[in-house]
Amino acid sequence: MNRRNEMSIRFDSYSTNEGFARVAVAAFLADLDPTLDELADVKTAVSEAVTNSIIHGYENRIGKIYLSCAKESQRIRIEIVDYGKGIEDVAKAKEPFYTTRPELERSGMGFAFMEAFMDNVEVDSAPGQGTTVRMVKQLGIERI
């Protein structure tokens, strides 16, 4: 399959919708016949990005999260956008174990997991304007 296929969904930032986002992306990838490991990697990365939007982006209010995916050949591109509070220092936020919400006993490993499981992760954010996370994964490549 060399043609491009895209999908996008919008949902409220309720924690229960994190699971919905994982399943939606998994269903969208199904025809690419990913391995179980590849599918788990993508689902985990999506889960981390959506959870960040819910916990950190919108904190104690409900806002919209936008999830879009595009696939072409064996490459998947995923974008998750929120219009929450944004990230003051993206480089600091990407440091392992860093969290702005220690009272929630979060591990601070969200971006580290995204980067470990995907081939490329880009984060654009501005305080008061929200955050966009773009991730890419090439399926079907043996990793060592």
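These legends walk through several close-up views of a predicted model.

**View 1. The largest nonpolar core brings together 31 residues.** Look here for Val-25, Val-46, Ile-78, Ile-80 and Met-135, the residues with the most contacts inside this core. Two or more core residues come from each of these elements: strands E1 (5-12), E2 (64-72), E3 (75-82), E4 (120-126) and E5 (130-138), and helices H1 (17-29), H2 (36-57) and H4 (110-117). Helix H2 gives the largest share, with seven residues.

**View 2. Ile-80 and the residues it touches.** Leaving aside residues up to four places away in sequence, Ile-80 touches Val-46, Ala-49, Val-50 and Ser-53. The list goes on with Ile-65, Tyr-66 and Leu-67, and then Thr-131, Thr-132, Val-133 and Met-135. Ile-80 is also one of the residues with the most contacts inside the largest nonpolar core.

**View 3. Helix H2 from end to end.** This helix has 22 residues, and at 1.5 Å a residue it should span 32 Å. Its end C-alpha atoms are 30 Å apart, which agrees. Helix H2 is mostly covered, with 16 of its 22 residues buried. Just after the helix, Glu-59 takes a positive phi of about 45°.

**View 4. Tyr-66 and Tyr-83 form an edge-to-face pair.** A search of the whole structure finds three aromatic pairs, and this view shows one of them. The ring centres of Tyr-66 and Tyr-83 lie 5.8 Å apart and the planes meet at 75°, so the pair counts as edge-to-face. The two residues are 17 residues apart and link distant parts of the chain: Tyr-66 sits in strand E2, while Tyr-83 sits in the loop between E3 and helix H3 (90-93). Tyr-66 is partly exposed, at 31% relative accessibility, whereas Tyr-83 is exposed, at 52%.

**View 5. Phe-113 and Phe-117 form a stacked pair.** Here the ring centres are 6.1 Å apart and the planes are at 20°, so the rings of Phe-113 and Phe-117 are stacked. Both residues lie in helix H4, four residues apart, about one turn of the helix. As a general rule, an α-helix has 3.6 residues a turn, so residues three or four places apart point the same way. Phe-113 is partly exposed, with a relative accessible area of 32%, and Phe-117 is partly exposed too, with 24%.

**View 6. Lys-71 lies over the face of Phe-28.** In this last view, look for Lys-71 at 4.2 Å from the centre of the Phe-28 ring.

Terms used. Residues numbered from 1 in each chain as written. Predicted model: local features only at pLDDT ≥ 70, side-chain atom pairs only at ≥ 80, totals over all residues. Heavy atoms only, no water. Core = buried A, V, L, I, M, F, W, Y, C linked by side-chain atoms within 4.5 Å. Buried < 20%, exposed > 50% of the residue type's maximum accessible area, 1.4 Å probe, protein only. Contact = heavy atoms within 4.5 Å. Phe/Tyr/Trp six-rings, centres within 6.5 Å; stacked < 30°, edge-to-face > 60°. Lys NZ or Arg CZ within 6 Å of the ring centre and 35° of its normal. Expected span 1.5 Å × (residues − 1).
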